[in-house]
Amino acid sequence: MKTLTGIGAMIRVALRRDRIQLPLWIILTGGFLAVAVPTWKGVVQTEEDLRAAIELFAVNPAARLFGIASGGESIGEFVMLEAFATLSIVAGLMSFLLVVRHTRKNEDTRRAELIGSSVVGRHAGLAAALILAVFANVLLATAIAIVLIANGLAVTGSIAMSLGVAGVGISIAGVAAVTAQVYSTSRSASGMAGAVLAAMFVLSGAGNMLGRYDEATVWVHSAWPSWLSPIGWGQQMRPFAENDWWLLGLSVAFFLVLSMAAFWLATRRDFGMGLLPEKPGPARAAPGLVNPFGLVWRLQRGVFFGWAIGMVAFGVIYGSISGEIEGFMAESETARELFEVIGGTEVMLDAFIVAITGIIGMLLGVYILQVTLRMRREEADGQAEALLATALSRCRWMASYIFNALLGVTLLLFIISLSAGLVAGLVLGDTAHWLGEITAATVVYLPALMVLAGVVVAVFAFLPQKTAMIGWSVFAISVICGPIIGDMLDLPEAVLNLSPFTHIPQMPAESFNAAPLLIMLGVALGLFILGLIFFRRRNLNLSSG
Amino acid sequence: MGTPGNVIKISGLVKRFGKTLALDEFNMSVQGGEVHGFLGPNGAGKSTTVRILLGLLRRDGGEVKLLGGDPWRDAVSLHRRLAYVPDDVKLWPNLTGGEVIDLLGRLRGGLNPGRRAELIERFKLDPTKKCGTYSRGNRQKVALVAAFASDVELYLMDEPTTGLDPLMVLTFREYVKQARDNGSTVLLSSHIFADVEALCDRLTIIRSGKCVQAGTLAELRHLTRTKVHVESEKPITGLDRLQGVHALEQNENEAEFHVDVDAIDDVLRHLVNFKIKALYSAPPSLEEIFMGHYGEEMPSGEQAGVSEVSK
């Protein structure tokens with residue numbers, strides 16, 4: 001086993017490099033569950049609640065995309081329904097990023113050359129990355145199991161569910177080990193592994209959507225595509241009901257086969273190269289690229305399209321559930337109360353629209369941050385230096401980020417309105433009415449999102465090094481003090497008023513009110529102008545050269 | 001296109017980063033149509049000076065004129081007339097080299113398509129590769145092609161040859177000379193002596209944010225010692241008593257020493273008494289001039305005399 005010489009040292013180096021990120025992945029995932037599980041327990045307090053909630057998702061094929069209940073008529077199966085797909089994606093992201101970071105990324109940065117010239121076997125790096133991936137997934141599964149058991153869920157089911165999540169994680173680690181050999185850059189290797197993860201999600205979701213719902217047993221029999229995906233295998237284990245352990249073997253076998261394939265591929269390629277050469281791009285810039293607005297659009301269009309797809313999918317599910325919402329509320333007293341608090345109305349459909357548009361409106365703050373925080377990244381990394389040494393003024397440079405963020409978020413608001421409105425129209429009839437209702441309720445969030453963009457722009461002008469930290473903190477506070485979490489936490493009015501989202505009229509439960517929107521518009525414009533003026537006056541904060 | 005007079009005029013420039021004084025009453029003048037070398041070790045203030053010239057950083061004191069304008073106030077209109085090659089260029093990993101060349105060229109105010117093609121060919125750059133896959137040398141080439149493909153009055157280049165292989169360095173020098181022949185001015189910040197020696201008409205040496213020496217290479221050489229190696233039939237005596245002889249090493253019939261320019265005549269007169277068999281002398285290389293300012297052996301009094309050139 002000379003090819004594995006030095007693997008111990010490699011694992012130690014990798015562990016040391018990941019000493020912060022890995023615990024963070026695990027703690028944040030555990031923390032998310034620790035908050036979410038009690039909330040779900042609050043939603044389904046009685047057996048009727050549970051049955052109603054599970055039926056709501058089970059009868060609706062679109063809703064099954066995100067998961068299915070595992071059966072067993074316990075709170076556990078509701079947690080499976082709500083959380084399994086999300087946790088699987090988290091485990092998948094953690095795993096492929098980890099494997100690519102310790103393999104292809106090392107070759108990109110030439111670190112591996114230095115290592116390769118010392119007493120380290122050819123396969124030691126890849127083997128160390130895979131061992132670390134398994135270790136990380138076991139830790140993640142342990143954290144998940146502890147949180148579930150601590151919340152009083154069945155022990156066997158909790159262990160089965162968390163190992164199901166780890167199964168998805170190691171499967172993707174195997175995929176990433178292969179893509180790291182096939183592609184010649186870490187970007188492409190991660191991109192392809194991410195696409196495979198998305199495909200696994202879609203396959204499991206499609207299998208559930210195409211499946212058959214058995215009303216008597218409240219059980220979704222998934223169709224064949226679920227069986228092609230590690231996420232599907234985890235769901236078919238049916239934790240809290242059947243606990244079919246043998247399905248874990250599929251994930252382990254998948255991981256082992258792909259790992260062996262990766263070791264074999266590694267011997268068929270040269271150092272630093274992939275099996276596939278990097279695809280050449282255009283030798284000339286398209287006319288749309290050579291202006292600052294076009295450049296920013298080009299740099300973040302991938303992020304935009306990702307969001308657009310998500311918005312369409314979310315809209316379809318949200319629109320299609322709207323048909324059953326009245327029935328569901330009639331059956332579940334707890335859910336009814338919850339929606340009344342959030343939605344502020346006893347008209348259940350209106351309350352539902354208020355709640356969902358509130359979630360979307362606040363969620364899109366992430367997109368605003370993704371675009372505007374890029375300014376700071378380009379300043380710190382140095383691209384801004386090359387740009388601002390041309391005849392491009394600082395104002396135009398900054399304005400192109402502001403416009404991109406606002407245009408992108410406006411389009412996303414309309415995309416989800418359109419997809420939700422059309423589907424709701426199909427389900428409920430009267431498309432024009434629902435389209436108008438949902439669009440109005442969604443688009444009113446724009447001024448609050450503009451305020452968020454304004455905060456980032458102004459902070460960037462005054463405290464560039466703190467932009468990301470302050471930006472995300474302001475967003476987090478705005479969400480916590482905002483209409484949904486703030487209402488649920490019963491925060492005092494003065495605290496709620498801190499969040500721009502609180503001041504958005506909760507249409508259609510409330511009527512349209514232009515005053516707060518105009519004020520927020522004014523605040524946003526003021527912050528933009530402040531940012532533009534003071535960014536013009538400060539030193540660029542560049543790395544020293 | 002040659003601009004008469006000073007293209008860059010810096011006097012008493014002060015720049016602070018917090019408590020650190022990056023530039024301390026720094027002076028430099030660059031005349032139109034010259035290639036001006038800007039030498040100094042890392043951290044001496046070269047990049048800071050260039051970034052102030054670009055209006056990316058704000059000066060804390062002193063006067064700076066660039067192409068007749070104020071680099072902070074008139075940044076945008078001045079940038080149309082210059083091209084900048086940053087030290088260790090960072091580019092967008094998912095754009096190709098060709099796209100970046102067009103982008104920077106267009107934002108600067110347009111580039112010459114014929115020259116662009118020629119430069120890509122001469123620098124052996126593959127413009128279809130993504131910047132994320134380029135080595136440092138290739139990223140440097142992208143910035144160089146974008147700069148040389150623009151017809152501008154002034155080129156500001158911060159360590160432009162780091163990462164280039166020796167053949168590409170020759171190509172680079174050819175284009176710098178071509179730019180000068182076309183009447184453009186080039187400020188070449190570097191710590192590679194060979195580049196400065198091969199290209200520069202005049203140079204400024206910076207140390208800890210201060211100008212320690214400026215002038216033509218010949219002037220600077222004149223101010224520094226010549227290295228002499230001599231072999232004779234009779235044993236050489238008395239050299240150690242002569243004024244202006246330094247770093248003397250000798251045995252019976254052989255001696256090696258450094259001599260001040262104004263003492264050469266006296267030293268030669270003294271040496272003929274010993275029946276010289278062989279005599280070698282070499283002017284100091286730029287590296288030796290430079291080391292003279294950073295090494296320990298140079299007496300401080302002499303340095304003070306030298307720095308008067310900068311005024």
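How many salt bridges are there between domain 1 of chain A and domain 2 of chain A? The count is zero. Keep in mind that this is a predicted model. Across the interface of chain A and chain B, on the other hand, the rule finds three salt bridges. Here's a quick tour, starting inside chain A and then moving out to chain B.

**How chain A is divided**

- The domain assignment splits chain A into domain 1, covering 2–266, and domain 2, covering 292–536.
- Go from the C-alpha centre of domain 1 of chain A to that of domain 2 of chain A and you cover 30 Å.
- Domain 1 of chain A puts 16 residues into the contact, and domain 2 of chain A puts in 13 residues.
- Between them, these two domains of chain A bury about 1,200 Å², with 71% of it on carbon and sulfur atoms.
- If you want names on the domain 1 side, look at Val43(A), Leu56(A) and Asn60(A): they supply 38% of the area that domain 1 of chain A buries against domain 2 of chain A, more than any other three residues.

**A helix pair in chain A**

- Helix H15 of chain A runs over residues 348–363, and helix H16 of chain A over residues 365–381.
- Their axes come within 4 Å and cross at roughly 10 degrees.
- Angles under 35 degrees count as roughly parallel, so H15(A) is roughly parallel to H16(A).
- On the H15(A) side, the contact is made by Gly361(A), Met362(A) and Leu363(A). H16(A) brings Gly365(A), Val366(A) and Tyr367(A) to the contact.
- Sort the residues of this contact by character and you get four nonpolar, two polar and no charged.

**How chain B is divided**

- Chain B also gets a domain 1 and a domain 2 in its assignment, at 6–220 and 225–283.
- The C-alpha centres of these two domains of chain B sit 43 Å apart.

**Where chain A meets chain B**

- The contact draws 41 residues from chain A and 38 residues from chain B.
- Together the chains bury about 3,500 Å², and 57% of that is on carbon and sulfur atoms.
- Which residues of chain A lose the most area to chain B? They are Val290(A), Glu385(A) and Ala391(A), which together make up 15% of what that side buries.
- Glu385(A) turns up again in a salt bridge, where its side chain meets that of Arg51(B) at 2.9 Å, N to O.

How values were computed
Residues are numbered from 1 along each chain as its sequence is written. Chains are lettered from A and ligands numbered from 1 in the order in which they are written. This is a predicted model: local features need pLDDT of at least 70, side-chain atom pairs count only at pLDDT 80 or more; totals for chains, interfaces and linings use all residues. Side-chain values use heavy atoms; hydrogens and water are left out. Axes are lines fitted to C-alpha atoms, for helices over the stretch in contact, and angles run from 0 to 180 degrees between N-to-C directions. Helices (H or I, at least four residues) and strands (E, at least two) are DSSP runs, numbered from the N terminus. Angles under 35 degrees count as roughly parallel, over 145 as roughly antiparallel, 65 to 115 as roughly perpendicular and the rest as oblique. Contact means heavy atoms within 4.5 Å. Ala, Val, Leu, Ile, Met, Phe, Trp, Tyr, Cys and Pro count as nonpolar, Asp, Glu, Lys and Arg as charged, and the others, Gly among them, as polar. Domain bounds come from an automatic or database domain assignment. Buried area is the accessible area (1.4 Å probe) that two parts lose on being put together, summed over both. A salt bridge is a side-chain nitrogen of Lys or Arg within 4 Å of a carboxyl oxygen of Asp or Glu.
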